[in-house]
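Me: I'm new to reading protein models, and I'd like to go through one feature at a time. Can we start with strands?
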Amino acid sequence: MQSSSSLLARGAAATVLALLAAAGLPAAAGAAAGTVTGASCSAVTEGHEHLADVWCYGAETGASAIAPRTLSVTEAVSITGTVVVDGEPAEGWAELFSWDGEYLGDVDITDGAYTFADVAEGEYKVLVGTYDDHGSQWAELDGSDGLGPAKFVVSSESPAEIVADEATLGDEPWVYFTVAGKGSWSTDRLCLAAYDAEDFWDASISAPVSTDCAVEGNPTFIDELEKSSEYLLRIVPAELATAAEWMDYEGDEFWFGNVADPWTPGALVFITDTTTGPDWHFVAYFGDVKGGAKAFDEISWLAAFQIASGYDDDTFRPRESVTRRNMAKLLYRYAGRPDFEMPEESPFTDLEPGDGGYRAMVWLYEAEIASGYADGSFKPNKTVSRQNMAKFLYRYAGRPDVDMDEKSPFKDVKKTAGGYRALKFMVDEGIASGFSDGTIRPNQDVIRRQMATFLYRFPYL
């Protein structure tokens, strides 16, 4: 088994954080007086650095949070709890999630206590943590088995106050996962289970150490881990809560690394840090992209954030060439599927409303990222070369200044060549690299695996 590298690296970090919002994840909301109400991301994250790292747009983008929201309330029900560290009341934060993993808001833990007031009817889970090195964990209720979060049910029959068990925080690390399941699964709600790799024998006799469930695209959180340890990760399309349910389960599943079991080549473990974290991993099932494959992390990231999807046979086809239609769809989703005024008629002679990717291709044109051809066509099925891909991303980035060297660093592209500035931009930004022979090969087709890597490294939104 191989270990998966941490994915928040280099220039991709800001992009990944921004894409939490772009992929449809709600930004931070809720603050004052323990009431879950709308607020700007900057207001919420003041004093909550962990939220800035996980839920908000990258600071350098200057963007604000997604539109604030206020939960509708039918009855005045509160969710409360207490948190201790070393036997003393803790200071920290508590976050409220829907049972499907949608982030709803946070409140402070003050003198060891927190309260979410006026919570609407629904099913919730609560994550608690401190500002120092004492980890985080899911809140539990009397009778919960401790493998994953307790379900807080707010209904017309609920008491006015739902009280969580007292949480005792230590220095255990915690890990976030964003997961996309098999395309053939009929549900988008997935459950994850982490197993101690050293003690694992078989899923039918080994109990997981931690679990969580969420709808695809929403983050899952694995707690109760040990530092500097290796864990296996199992993903199923079923609601499993107890150790017995996980050991009895015989339905479809896959393990981290996109394999049928943890003994198959390609299976991965995730390794916890020496600190409390958090770390973040991305999981997306494709039968032809196993753990250790080229661009495994980048392809998993692309699909987990629903920027790209696979084919009906659960493959990604990483070596397939990218077409202009594909490129438009990828960039449109990467941008967060922005609204724009659609023209009354198609701007291209070979595109009509209702064609696959039509909206994305028109957006690409309206945003002046791509243009059509002299004959009025767009040629959606034409493959994209490295030079054309560079032009698209350079325009998307806003045509930033590029240091024009006295001499071209590429043996096969002169400074006067079309697309030179865009290719130079890609290399300077670390988005793409040349080849060992000193060429950039501008006319070579871009394949899906490479496109995943380029977008993963792309530091613009």
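Reply: Sure, and keep in mind that this is a predicted model. Take strand S14, residues 210–215: it is mostly covered, with 6 of its 6 residues buried.

Me: Which way do the residues of S14 point?

Reply: Here's the general idea: in a regular strand, side chains alternate between the two faces of the sheet. In S14, Ser 210, Asp 212 and Ala 214 point one way, while Thr 211, Cys 213 and Val 215 point the other way, and all of them are buried.

Me: Which strand is joined to S14, and by how many bridges?

Reply: That's S13, residues 189–196, joined to S14 by 6 bridges, and the two run antiparallel. To find one bridge yourself, look for Leu 190, whose partner in S14 is Ala 214.

Me: Now S4. How many of its residues are buried?

Reply: S4 covers residues 92–98, and 7 of its 7 residues are buried. Remember the alternation of side chains between the two faces of a sheet. One side of S4 has Gly 92, Ala 94, Leu 96 and Ser 98, the other has Trp 93, Glu 95 and Phe 97, and both faces are covered.

Me: Which strands does S4 pair with?

Reply: One partner is S5, residues 103–109, which pairs with S4 in the antiparallel sense over 6 bridges. Within that pairing, Trp 93 has Asp 108 as its bridge partner. Another is S7, residues 122–130, also antiparallel to S4, over 7 bridges. There, Ser 98 stands opposite Tyr 124.

Me: What sits between S4 and S5 in their hairpin?

Reply: There are 4 residues between the two strands, and in this hairpin Gly 101 takes a positive phi near 95°. Another glycine with a positive phi is Gly 336, at about 90°, just after helix H6.

Me: What is phi usually like for residues that aren't glycine?

Reply: Most residues other than glycine have a negative phi. Two residues here go against that habit. Asp 86 has a positive phi near 55°, and Asn 258 has one of about 60°.

Me: Where are Asp 86 and Asn 258 found?

Reply: Both are in loops. Asp 86 is in the loop between strands S2 (78–85) and S3 (88–89), and Asn 258 is in the loop between strands S17 (254–255) and S18 (268–271).

Me: Is Asp 86 buried or exposed, and is Asn 258 buried or exposed?

Reply: Asp 86 counts as exposed because its relative accessibility is 67%, and the cut-off for exposed is over 50%. Asn 258 has a relative accessible area of 1%, so it is buried.

Me: Can we try helices? How many residues of H6 are buried?

Reply: H6 runs over residues 324–334 and is mostly covered, with 8 of its 11 residues buried. Among them are Arg 324, Arg 325, Met 327 and Tyr 334.

Me: And on the surface, which residues gather in the patch of negative charge?

Reply: Look for Glu 341, Glu 344, Glu 345, Glu 366 and Glu 368. Of these, Glu 366 belongs to helix H7, residues 358–366. Glu 366 counts as partly exposed because its relative accessibility is 40%.

Me: One last residue: where is Val 236 found?

Reply: Val 236 is in strand S16, residues 230–236. With a relative accessible area of 0%, Val 236 is buried. Try a distance too: the C-alpha atoms of Val 236 and Trp 246 are separated by 9.5 Å, and these residues are 10 apart along the chain.

How values were computed
Residues are numbered from 1 along each chain as its sequence is written. This is a predicted model: local features need pLDDT of at least 70, side-chain atom pairs count only at pLDDT 80 or more; totals for chains, interfaces and linings use all residues. Side-chain values use heavy atoms; hydrogens and water are left out. Patches are made of residues with over 30% relative accessible area and no salt bridge: like charges are joined within 9 Å, nonpolar side chains (Val, Leu, Ile, Met, Phe, Trp, Tyr) within 5 Å. Accessible areas come from the Shrake-Rupley method with a 1.4 Å probe; for residues, only the protein chains shown count as cover. A salt bridge is a side-chain nitrogen of Lys or Arg within 4 Å of a carboxyl oxygen of Asp or Glu. Lys and Arg count as positive and Asp and Glu as negative; His and the chain ends are not counted. The place of a charge is taken as NZ of Lys, CZ of Arg, CG of Asp or CD of Glu. Buried means under 20% relative accessible area, exposed over 50%, partly exposed in between (1.4 Å probe, protein chains only). Two strands pair if DSSP finds at least two bridges between them.
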